[in-house]
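The following exercises concern a single protein chain. Each task is followed by a solution that proceeds step by step.

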Amino acid sequence: MSFRRLGLSLLITAAALAGIALVSALLYGLAQPRWRWRWDLSRQQQGSLSSRTTEALEQIPEESRCIAFLLEEYEALRSYGSAVYPRAFQRLRALLEEARIVADGKLEIEILNSQSSPVDLDRAIRDWNRQLGECLILQAGEQRQVIRFEDLFVLSLPSAQGQAARIRQERIDDALGDAVLRLNRKSLPVIALTKANGGPLARNPQLEQAFAALLAAEGYAFQAVDGPLEALEIGADLLCVLGQEQAFAPSQAAAAEQWLQEERPLLLALGPAADPTAVEFWNQQLTAKGLQFEPGLVCQPDRRGMEGSNQCEVLEILPQQMSPQHPVTRRLIEAGRTLVAPGSRPLRLQHQGGSNDYTRDRLLRSSGKAWIEINGDWAAGPKEGRAIQSLALVADRWQANADGRLGRTLLLGSPYMMTGQALALNRDFLSAGVRWLLQEEDQASGLVAMESRPWRPSYQSLNRLSKLAVLALPGLTLLLGLLVFWRRR
Amino acid sequence: MKAFFALFRRELFSLAVAPYVYLLLAIWFLLNGMVFIASLERPAVQNDLTLLPQVLFGSQGLLMWLLIPVFPPLITLRLFAEEQRLGTLEALLTAPISDAAVVLAKYLAACLFFLLFWGGVLLLFLLLQWQGAPIVWSRAAGGFLGALLTSYLFLGAGLFLSSWSGNLVLAAGGGAAANYFLLILPALLSDVPGPTGAVARAIFIPGHLDKAFAAGLLDSFAVAYFLLGAGLFVFLTWVRLVSRRWVP
């Protein structure tokens with residue numbers, strides 16, 4: 001081989017290598033988070049993380065880790081050809097990828113699924129001490145946050161009639177944002193729940209545990225206390241009084257008064273079974289804020305319009321029955337959330353008796369055909385006029401006091417909104433409410449309306465499609481090819 | 001520029017009047033139609049039609065593993081390999097047109113022609129909507145774009161392999177092998193810890209379809225990877241063409 005040919009060969013090789021190196025360098029640069037963008041093609045921009053979660057991820061400590069176990073563990077969620085797992089895992093993959101990009105190299109994400117090697121899977125389950133149902137585990141230093149599958153999605157289970165399970169609500173962004181915020185925080189806000197004076201949560205430890213677990217999953221420290229006095233003593237950030245059934249002792253009543261005077265946040269829910277003395281006490285305390293409890297039980301006709309079918313036991317609250325202006329409910333409306341209020345007492349906004357220092361709003365209301373059940377016949381009687389009834393009210397100061405507190409109060413007509421199945425359905429309302437009470441409403445999450453689109457084609461429809469797809473389209477193309485072949489000959 | 005457009009038109013025309021291309025199109029439509037109907041018959045898809053783009057274009061689909069890697073090289077095999085076989089390449093290279101323009105005109109003509117292949121699949125979606133199915137177009141559009149970019153990358157690889165010999169079987173087989181190499185190697189290495197695994201995951205093509213395109217998201221890195229990858233193959237084809245002149 002002559003020197004010239006050798007030189008040219010080397011030049012060609014060098015050019016090819018230079019091209020490969022240039023492309024590799026460009027790709028390396030473009031893979032860096034600061035040069036990486038993701039555009040959401042969906043109309044409502046539901047495919048990406050909210051600014052709250054994005055900001056939290058930007059602050060995440062260095063060398064944080066996240067492991068995702070995308071395992072189809074619950075048989076019920078797979079039966080009848082359910083789309084729950086495929087859809088859930090696709091959403092998780094897409095959003096975790098975005099989380100990885102946003103965290104700018106500070107968060108390492110590992111995804112394990114049923115196709116991962118059994119050795120790796122076993123090792124990860126052992127190393128991370130993973131329990132059944134746990135889907136995401138985040139770790140930063142010594143701190144660890146666990147997100148269960150049911151924290152990420154609200155599901156409807158399969159019916160006995162053969163209807164498959166489906167995803168009703170998606171909360172990936174919310175749950176991920178909360179978990180990262182908790183990892184970023186040195187100490188968590190303390191939420192105190194009074195127990196000494198009765199209520200569904202005080203009576204049933206399982207309900208209390210579920211409530212505590214939900215608050216923990218949302219990034220708060222839960223503390224059960226006897227009453228407001230202990231809440232003041234431990235310096236709780238929020239006091240919850242859910243379904244008080246007995247009046248406070250004088251010392252506790254004084255503490256509750258002090259709590260409100262100091263403009264501390266309060267979540268208060270009294271149902272129809274509440275002790276009248278307790279209702280009277282709270283009505284007096286809340287006069288300045290213009291919020292009042294009313295007697296009775298709110299009923300409304302069933303929205304499906306069946307004659308004589310009324311909702312008294314559980315009220316269904318549709319998005320159009322929520323306040324579109326308030327930060328607590330605005331995102332619920334956008335996400336198409338429906339809430340439930342089991343056994344709700346009516347509430348009243350008292351514009352005239354209240355202090356002008358406060359602003360107030362009605363968060364949730366009944367339908368316009370609701371009535372207050374008094375005589376126990378569970379139907380609208382002549383003395384039970386139909387009107388819109390308030391089911392959740394809020395009040396807060398126009399201006400913060402010297403301690404920066406806004407005296408935020410959220411009043412609910414039903415403590416059962418925070419129990420059992422209702423708690424799962426009202427979870428986003430509760431988390432948004434607590435966030436607002438703690439003056440963190442700017443940390444709005446990206447709730448997503450997860451609309452499933454079932455399409456069950458008839459035999460004729462599928463047959464027609466098959467004929468068009470498998471016969472007509474290829475057949476016509478072949479015919480066109482023959483025509484071209486014949487013309488060319 | 002005039003010569004470039006003349007060659008581009010000639011390539012496009014020669015693809016449009018080649019009977020074997022219609023045979024390929026018919027097979028592509030037939031296989032796609034079968035995959036499409038099989039996807040629609042899956043209970044999970046019937047329970048939630050938003051899954052269709054993921055099932056069709058994503059990592060679980062036959063389209064990604066069977067059809068997309070195989071068909072682009074069957075289109076590109078004639079771009080250079082057949083010219084070599086017929087002995088017309090030398091005449092083309094001595095014509096008053098730069099080598100880069102030759103490569104680019106042939107590649108772009110193949111890309112434009114391949115839109116016909118995806119047009120048939122789009123027609124299936126339109127037929128589905130005509131039957132009353134509630135299609136999520138943002139996801140479908142993302143899936144189409146991802147699949148289109150993947151096929152453009154594979155057309156680039158096919159073009160490069162086509163420039164190496166006058167043997168059509170070698171050009172098509174080599175192109176398909178290169179495409180499977182691009183698909184499978186990252187899949188095999190993605191579980192390896194450290195930078196090797198990270199690079200493999202970043203260039204794993206079906207992963208981009210799953211996590212971005214079929215989910216209705218456009219990822220700048222994924223788009224850049226497909227375009228730069230295709231560009232690299234076009235550049236390497238040009239280098240190969242130039243080298244033929246210097247080092248036959």
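This is a predicted model, in which local features need pLDDT of at least 70, side-chain atom pairs count only at pLDDT 80 or more, and totals for chains, interfaces and linings use all residues. Residues are numbered from 1 along each chain as its sequence is written, chains are lettered from A and ligands numbered from 1 in the order in which they are written, and side-chain values use heavy atoms, without hydrogens and water.

**Exercise 1.** Determine whether A:L188 is buried or exposed, and describe its surroundings.

*Solution.* Step 1: locate the residue. A:L188 lies in the loop that joins helix 6 (172-184) to strand 8 (190-194) of chain A; helices (H or I, at least four residues) and strands (E, at least two) are DSSP runs, numbered from the N terminus.

Step 2: classify its accessibility. Buried means under 20% relative accessible area, exposed over 50%, and partly exposed in between (1.4 Å probe, protein chains only). A:L188 has 32% relative accessibility, and therefore counts as partly exposed.

Step 3: list its contacts (heavy atoms within 4.5 Å). Leaving out residues up to four places away in sequence, A:L188 touches A:R182, A:G219, A:Y220 and A:A221.

Step 4: consider a distant residue. A:P276 is 88 residues apart from A:L188 along the chain, and their C-alpha atoms are separated by 35 Å.

**Exercise 2.** Characterise chain A as a whole.

*Solution.* Step 1: count the elements. Chain A has 15 helices and 21 strands.

Step 2: assess burial. Of its 489 residues, 52% are buried.

Step 3: examine contact range. Among contacts with a separation of 6 or more, 73% link residues 24 or more positions apart.
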